[in-house]
Amino acid sequence: MHVILSHGRGSSANAKKIVYLARTAEALGHTTHRVNDIDTQDPDERLKRLIATVKDIGEPLVLVGSSMGGYTSVLAAEHCQDLRGLFLIAPALYVPQYQQRTYPTDLPHTEIVHGWDDDVILYEHSVRYAREADATLHLIAGDHVLHQATAQITGLFDAFLRKLGD
(Lines give C-alpha, C1' and ligand atoms only; values in the text may rest on other atoms or scores of the structure.)
Protein backbone atom coordinates (compact mmCIF):
# COMPACT_ATOMS: atom_id res chain seq x y z
CA MET A 1 0.00 0.00 0.00
CA HIS A 2 0.95 3.62 -0.44
CA VAL A 3 0.55 5.84 2.62
CA ILE A 4 0.14 9.61 2.27
CA LEU A 5 0.73 11.61 5.45
CA SER A 6 -0.57 15.17 5.83
CA HIS A 7 0.65 17.42 8.64
CA GLY A 8 -1.24 20.08 10.54
CA ARG A 9 -1.20 23.86 10.52
CA GLY A 10 2.12 25.28 11.67
CA SER A 11 3.79 21.89 11.25
CA SER A 12 5.72 20.24 8.43
CA ALA A 13 6.46 16.99 6.67
CA ASN A 14 9.40 16.61 9.05
CA ALA A 15 7.34 16.87 12.23
CA LYS A 16 8.11 14.14 14.75
CA LYS A 17 4.70 12.43 14.50
CA ILE A 18 4.68 12.42 10.71
CA VAL A 19 8.23 11.06 10.51
CA TYR A 20 7.52 8.31 13.05
CA LEU A 21 4.30 7.30 11.29
CA ALA A 22 6.08 7.19 7.92
CA ARG A 23 8.81 4.99 9.42
CA THR A 24 6.17 2.70 10.90
CA ALA A 25 4.53 2.26 7.50
CA GLU A 26 7.87 1.73 5.74
CA ALA A 27 8.93 -0.87 8.32
CA LEU A 28 5.84 -2.85 7.28
CA GLY A 29 6.84 -2.63 3.61
CA HIS A 30 4.58 0.22 2.53
CA THR A 31 5.65 3.19 0.44
CA THR A 32 5.04 6.67 1.85
CA HIS A 33 4.68 10.26 0.78
CA ARG A 34 4.83 13.06 3.34
CA VAL A 35 2.88 16.08 2.11
CA ASN A 36 4.72 19.35 2.73
CA ASP A 37 2.27 22.26 2.91
CA ILE A 38 4.34 24.69 4.96
CA ASP A 39 3.83 27.44 2.38
CA THR A 40 0.08 27.83 3.05
CA GLN A 41 -2.21 27.81 6.06
CA ASP A 42 -5.32 27.78 3.85
CA PRO A 43 -7.14 24.47 4.42
CA ASP A 44 -8.95 24.63 1.09
CA GLU A 45 -5.72 25.22 -0.85
CA ARG A 46 -4.20 22.25 0.94
CA LEU A 47 -7.28 20.20 0.09
CA LYS A 48 -6.96 21.01 -3.63
CA ARG A 49 -3.33 19.91 -3.55
CA LEU A 50 -4.11 16.65 -1.75
CA ILE A 51 -6.93 15.83 -4.18
CA ALA A 52 -4.52 16.39 -7.08
CA THR A 53 -2.04 14.03 -5.39
CA VAL A 54 -4.48 11.20 -4.68
CA LYS A 55 -6.83 11.18 -7.65
CA ASP A 56 -4.49 9.42 -10.06
CA ILE A 57 -2.96 6.91 -7.66
CA GLY A 58 -4.22 3.51 -8.76
CA GLU A 59 -2.59 1.43 -6.05
CA PRO A 60 -4.15 0.74 -2.64
CA LEU A 61 -3.94 3.89 -0.57
CA VAL A 62 -4.05 4.91 3.09
CA LEU A 63 -4.47 8.54 4.09
CA VAL A 64 -3.06 9.80 7.36
CA GLY A 65 -3.80 13.29 8.60
CA SER A 66 -3.04 15.31 11.70
CA SER A 67 -5.20 18.32 12.61
CA MET A 68 -5.65 20.36 9.39
CA GLY A 69 -4.16 17.37 7.57
CA GLY A 70 -7.00 15.30 9.02
CA TYR A 71 -9.52 17.73 7.58
CA THR A 72 -7.93 17.53 4.12
CA SER A 73 -7.54 13.73 4.32
CA VAL A 74 -11.22 13.14 5.12
CA LEU A 75 -12.33 15.33 2.22
CA ALA A 76 -9.73 14.03 -0.26
CA ALA A 77 -10.65 10.44 0.58
CA GLU A 78 -13.64 10.56 -1.76
CA HIS A 79 -11.26 11.18 -4.66
CA CYS A 80 -9.13 8.07 -4.12
CA GLN A 81 -9.48 5.19 -6.57
CA ASP A 82 -8.57 2.48 -4.06
CA LEU A 83 -8.75 3.84 -0.52
CA ARG A 84 -8.08 1.16 2.07
CA GLY A 85 -8.20 3.28 5.19
CA LEU A 86 -7.98 6.61 6.94
CA PHE A 87 -5.96 7.29 10.11
CA LEU A 88 -6.68 10.67 11.71
CA ILE A 89 -4.97 12.41 14.61
CA ALA A 90 -6.92 15.24 16.25
CA PRO A 91 -8.61 16.03 12.93
CA ALA A 92 -9.77 19.62 12.47
CA LEU A 93 -13.39 18.76 11.76
CA TYR A 94 -16.43 20.96 12.42
CA VAL A 95 -14.23 24.03 12.67
CA PRO A 96 -16.39 27.16 12.16
CA GLN A 97 -13.66 28.99 10.22
CA TYR A 98 -13.32 26.18 7.64
CA GLN A 99 -15.51 26.26 4.56
CA GLN A 100 -16.49 22.58 4.68
CA ARG A 101 -18.44 21.37 7.73
CA THR A 102 -20.01 18.18 6.41
CA TYR A 103 -17.86 15.13 5.78
CA PRO A 104 -18.16 11.79 4.04
CA THR A 105 -19.14 9.05 6.46
CA ASP A 106 -18.90 5.99 4.22
CA LEU A 107 -15.11 5.77 4.13
CA PRO A 108 -13.42 2.41 4.75
CA HIS A 109 -11.54 1.52 7.94
CA THR A 110 -11.38 4.88 9.65
CA GLU A 111 -9.56 5.28 12.97
CA ILE A 112 -9.18 8.47 14.97
CA VAL A 113 -6.80 9.34 17.80
CA HIS A 114 -7.54 12.41 19.89
CA GLY A 115 -6.25 13.83 23.16
CA TRP A 116 -8.60 14.36 26.07
CA ASP A 117 -6.97 17.72 26.87
CA ASP A 118 -6.96 19.15 23.34
CA ASP A 119 -7.94 22.81 23.59
CA VAL A 120 -7.36 23.57 19.88
CA ILE A 121 -9.75 21.02 18.34
CA LEU A 122 -12.06 19.66 21.01
CA TYR A 123 -12.18 15.87 21.31
CA GLU A 124 -15.98 16.09 21.08
CA HIS A 125 -15.56 16.87 17.37
CA SER A 126 -13.86 13.50 16.88
CA VAL A 127 -16.54 11.78 18.97
CA ARG A 128 -19.18 13.31 16.70
CA TYR A 129 -17.43 12.25 13.49
CA ALA A 130 -16.63 8.76 14.83
CA ARG A 131 -20.29 8.27 15.70
CA GLU A 132 -21.48 9.54 12.29
CA ALA A 133 -18.90 7.52 10.33
CA ASP A 134 -18.98 4.42 12.54
CA ALA A 135 -15.22 4.88 13.00
CA THR A 136 -12.92 3.58 15.72
CA LEU A 137 -11.96 6.31 18.18
CA HIS A 138 -9.03 6.27 20.60
CA LEU A 139 -9.22 8.98 23.26
CA ILE A 140 -5.84 9.23 24.97
CA ALA A 141 -4.11 11.43 27.51
CA GLY A 142 -2.65 14.52 25.90
CA ASP A 143 -3.17 17.88 24.29
CA HIS A 144 -3.49 18.82 20.62
CA VAL A 145 0.08 18.08 19.52
CA LEU A 146 0.24 14.79 21.45
CA HIS A 147 4.06 14.84 21.51
CA GLN A 148 4.14 12.79 24.70
CA ALA A 149 1.98 10.12 23.02
CA THR A 150 4.09 9.49 19.91
CA ALA A 151 4.90 5.90 20.90
CA GLN A 152 1.24 5.18 21.64
CA ILE A 153 0.10 6.69 18.35
CA THR A 154 2.68 4.77 16.31
CA GLY A 155 1.59 1.57 18.08
CA LEU A 156 -2.03 2.25 17.15
CA PHE A 157 -0.98 3.03 13.57
CA ASP A 158 1.07 -0.17 13.32
CA ALA A 159 -1.96 -2.19 14.46
CA PHE A 160 -4.19 -0.27 12.03
CA LEU A 161 -1.94 -1.05 9.06
CA ARG A 162 -1.62 -4.70 10.05
CA LYS A 163 -5.44 -4.98 10.16
CA LEU A 164 -5.63 -3.61 6.63
CA GLY A 165 -3.16 -6.20 5.35
CA ASP A 166 -1.66 -5.93 1.88
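What follows is a walk through the fold, its openings and a few individual residues in a predicted model.

The backbone of the story is a sheet. Six strands make up this open sheet, lined up as β2-β1-β3-β4-β5-β6, and the pairing is parallel. At the edges sit β2 (31-34) and β6 (136-140), each with a partner on one side only. From one strand to its neighbour, the average turn is 15°, with direction ignored. Zooming in on one pair, β1 (residues 2-6) is joined to β2 by 4 bridges, the two running parallel. Within that pairing, leucine 5 is found opposite arginine 34 of β2.

Helices pack against this sheet. Helix α2 (residues 43-54) touches β1, β2 and β3 (61-66), and its direction makes about 175° with that of β1. Helix α5 (residues 150-164) covers another set of strands: it lies across β1, β3, β4 (83-89), β5 (110-115) and β6, at about 170° to β4.

Then there is helix α3 (residues 68-76), which is largely enclosed by the rest of the structure, because 9 of its 9 residues are buried. The buried set runs through Met68, Gly69, Gly70, Tyr71, Thr72, Ser73, Val74, Leu75 and Ala76. As for what does the covering, the list includes β1, α2, β3, β4 and α4 (123-133).

Now for the empty space. The largest pocket comes out at about 430 Å³. It is lined by 24 residues, and those closest to its centre are Arg9, Ser67, Met68, Val120 and His144. Sorted by class, this lining has 13 nonpolar, 9 polar and 2 charged residues. Met68 ties the pocket to α3, being one of the residues closest to the pocket centre and also one of the buried residues of that helix.

Besides the pocket, the model has 1 cavity of 30 Å³ or more. The largest cavity holds about 30 Å³ of space. Around it are Ser6, His7, Val35, Asp37, Arg46, Gly69 and Thr72, which split into 1 nonpolar, 4 polar and 2 charged residues. Helix α3 turns up here too: Gly69 and Thr72 belong to the cavity lining and are among the buried residues of α3.

A few single residues deserve a closer look. Threonine 150 is part of helix α5. With a relative accessibility of 4%, threonine 150 counts as buried, because the cut-off for that class is under 20%. Setting aside neighbours within four places in sequence, threonine 150 is in contact with Lys16, Lys17 and Tyr20. Aspartate 119 is another matter: threonine 150 and aspartate 119 are 31 residues apart in sequence, and their C-alpha atoms are 18 Å apart in space.

Two other residues catch the eye for their backbone angles. Histidine 109 has a phi near 40°, a positive value in a residue other than glycine. Histidine 109 sits in the loop between β4 and β5, and its 53% relative accessibility makes it exposed. Leucine 146 likewise has a positive phi, about 55°, although it is not a glycine. The setting here is the loop between β6 and α5. Buried or exposed, where does leucine 146 fall? At 0% relative accessibility, leucine 146 counts as buried. The two positive-phi residues therefore land in opposite classes, histidine 109 being exposed and leucine 146 buried.

Conventions
Residues are numbered from 1 along each chain as its sequence is written. This is a predicted model: local features need pLDDT of at least 70, side-chain atom pairs count only at pLDDT 80 or more; totals for chains, interfaces and linings use all residues. Side-chain values use heavy atoms; hydrogens and water are left out. Two strands pair if DSSP finds at least two bridges between them. Axes are lines fitted to C-alpha atoms, for helices over the stretch in contact, and angles run from 0 to 180 degrees between N-to-C directions. Contact means heavy atoms within 4.5 Å. On a 1 Å grid over the protein atoms alone, a cavity is a set of points where a 1.4 Å probe fits but cannot get out, and a pocket is an open set with protein on both sides within 12 Å along at least five of seven lines; lining residues have an atom within 4 Å of a point. Grid points are joined across faces, edges and corners, and a volume is the space filled by probe spheres set on the points. Ala, Val, Leu, Ile, Met, Phe, Trp, Tyr, Cys and Pro count as nonpolar, Asp, Glu, Lys and Arg as charged, and the others, Gly among them, as polar. Buried means under 20% relative accessible area, exposed over 50%, partly exposed in between (1.4 Å probe, protein chains only).
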